[in-house]
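Dear colleague,

Please find below the structure that I am handing over to you. My notes on what was found in it follow directly after.

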Amino acid sequence: MDIWARVYAGQVRFVCVGCAGGDLAVRFGEELQLRDCVISAATRSPSWGQLGCSGFIVLDSDLRVLSRKTSAYLEVREQAFRDLEAVLAEFISGIELPHAMALKGRAEQHAGMAA
């Protein structure tokens, strides 16, 4: 995430939200040496979401959800990183890319099955 935070600096921000208290969130950030990401902790349990290895939640600058869940690393390995980058490229360019549309549909379908 830190590499992406540097690559996309000024365009997107990567936020790591801990759901088990602030101390654990800070420790997680330190262990992963996250220097360019925002580390935060939820004050209450979120009503939805997932771990980063199960996909990312993508919000716009107005906190509207652009993607409830990108592809999961645990399911598609390295392709998950390319999928996230496609979603970000679509958001940054403002042009809906056919590849990103297909990924969004696949990820949202997965999220619907998990709910």
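Which residue follows α4, and what is the sign of its phi? The residue is G94, and its phi is positive, near 75°. Please note before reading on that this is a predicted model.

**Overall architecture**

The protein has 115 residues, of which 29% count as buried. Its secondary structure comes to five helices and four strands. Read along the sequence, these elements follow the pattern α-β-α-β-β-β-α-α-α.

**Helix α4**

Helix α4 covers residues 79-93. At 1.5 Å a residue, its 15 residues should span 21 Å, and the C-alpha atoms at its ends are indeed 21 Å apart, so the expected and computed values agree. The buried residues of this helix are A80, D83, L84, A86, V87, L88 and E90. In an α-helix there are 3.6 residues a turn, so residues three or four places apart point the same way.

**The nonpolar core**

Two of these buried α4 residues, L84 and L88, return in the largest nonpolar core, where they are listed with W4, Y8 and F14 as the residues with the most contacts inside it. That core has 13 residues. Both α1 and α4 supply at least two residues of it, and the largest share, three residues, comes from α4.

**The largest pocket**

Helix α4 also takes part in the largest pocket, which has a volume of about 1,500 Å³. This pocket is lined by 43 residues. Nearest its centre lie V15, C16, V17, F56 and I57. At least two lining residues come from each of β1 (15-18), α2, β3 and α4. Of the elements, α4 gives the most to the lining, with five residues. What is the make-up of the lining by class? It has 31 nonpolar, ten polar and two charged residues.

**Salt bridges**

The structure holds four salt bridges, and three of them are described here.

R6 forms a salt bridge with D2, with the closest N and O atoms 3.3 Å apart. Both residues belong to helix α1 (residues 2-7), and because they are four residues apart there, about one helical turn separates them. Their exposure is as follows: D2 is buried, with a relative accessible area of 9%, whereas R6 counts as partly exposed at 46% relative accessibility.

R6 also forms a salt bridge with D36, and here the closest N and O atoms are 2.7 Å apart. D36 lies in the loop between α2 (22-31) and β2 (38-41) while R6 is in helix α1, so this pair ties together parts that are 30 residues apart in sequence. D36 is partly exposed, with a relative accessible area of 38%. Through shared partners, the salt bridges join D2, R6 and D36 into one network.

The side chains of R64 and D62 meet in a further salt bridge, at 3.3 Å from N to O. D62 counts as exposed, at 51% relative accessibility.

**Backbone and loop residues**

Most residues other than glycine have a negative phi. Against that background, which residues have a positive phi of about 55° although they are not glycines? Q33 is one of them, and R77 is another. Q33 is found in the loop between α2 and β2, and at 53% relative accessibility it counts as exposed. R77 lies in the loop between α3 (73-76) and α4. With 47% relative accessibility, R77 counts as partly exposed.

A further loop residue is P46, in the loop between β2 and β3 (58-59). P46 counts as partly exposed, at 46% relative accessibility. Although P46 and C19 are 27 residues apart in sequence, their C-alpha atoms are 7.8 Å apart in space.

**In brief**

For a starting point when viewing the model, I would draw your attention to α4, which gives the most to the lining of the largest pocket and also supplies the largest share of the largest nonpolar core. The second item is the network of D2, R6 and D36, in which the pair of R6 and D36 ties helix α1 to the loop between α2 and β2.

With kind regards

Terms used. Residues are numbered from 1 along each chain as its sequence is written. This is a predicted model: local features need pLDDT of at least 70, side-chain atom pairs count only at pLDDT 80 or more; totals for chains, interfaces and linings use all residues. Side-chain values use heavy atoms; hydrogens and water are left out. The expected span of a helix is 1.5 Å times one less than its number of residues. Buried means under 20% relative accessible area, exposed over 50%, partly exposed in between (1.4 Å probe, protein chains only). On a 1 Å grid over the protein atoms alone, a cavity is a set of points where a 1.4 Å probe fits but cannot get out, and a pocket is an open set with protein on both sides within 12 Å along at least five of seven lines; lining residues have an atom within 4 Å of a point. Grid points are joined across faces, edges and corners, and a volume is the space filled by probe spheres set on the points. Ala, Val, Leu, Ile, Met, Phe, Trp, Tyr, Cys and Pro count as nonpolar, Asp, Glu, Lys and Arg as charged, and the others, Gly among them, as polar. A nonpolar core is a set of buried Ala, Val, Leu, Ile, Met, Phe, Trp, Tyr and Cys residues joined through side-chain atoms within 4.5 Å.
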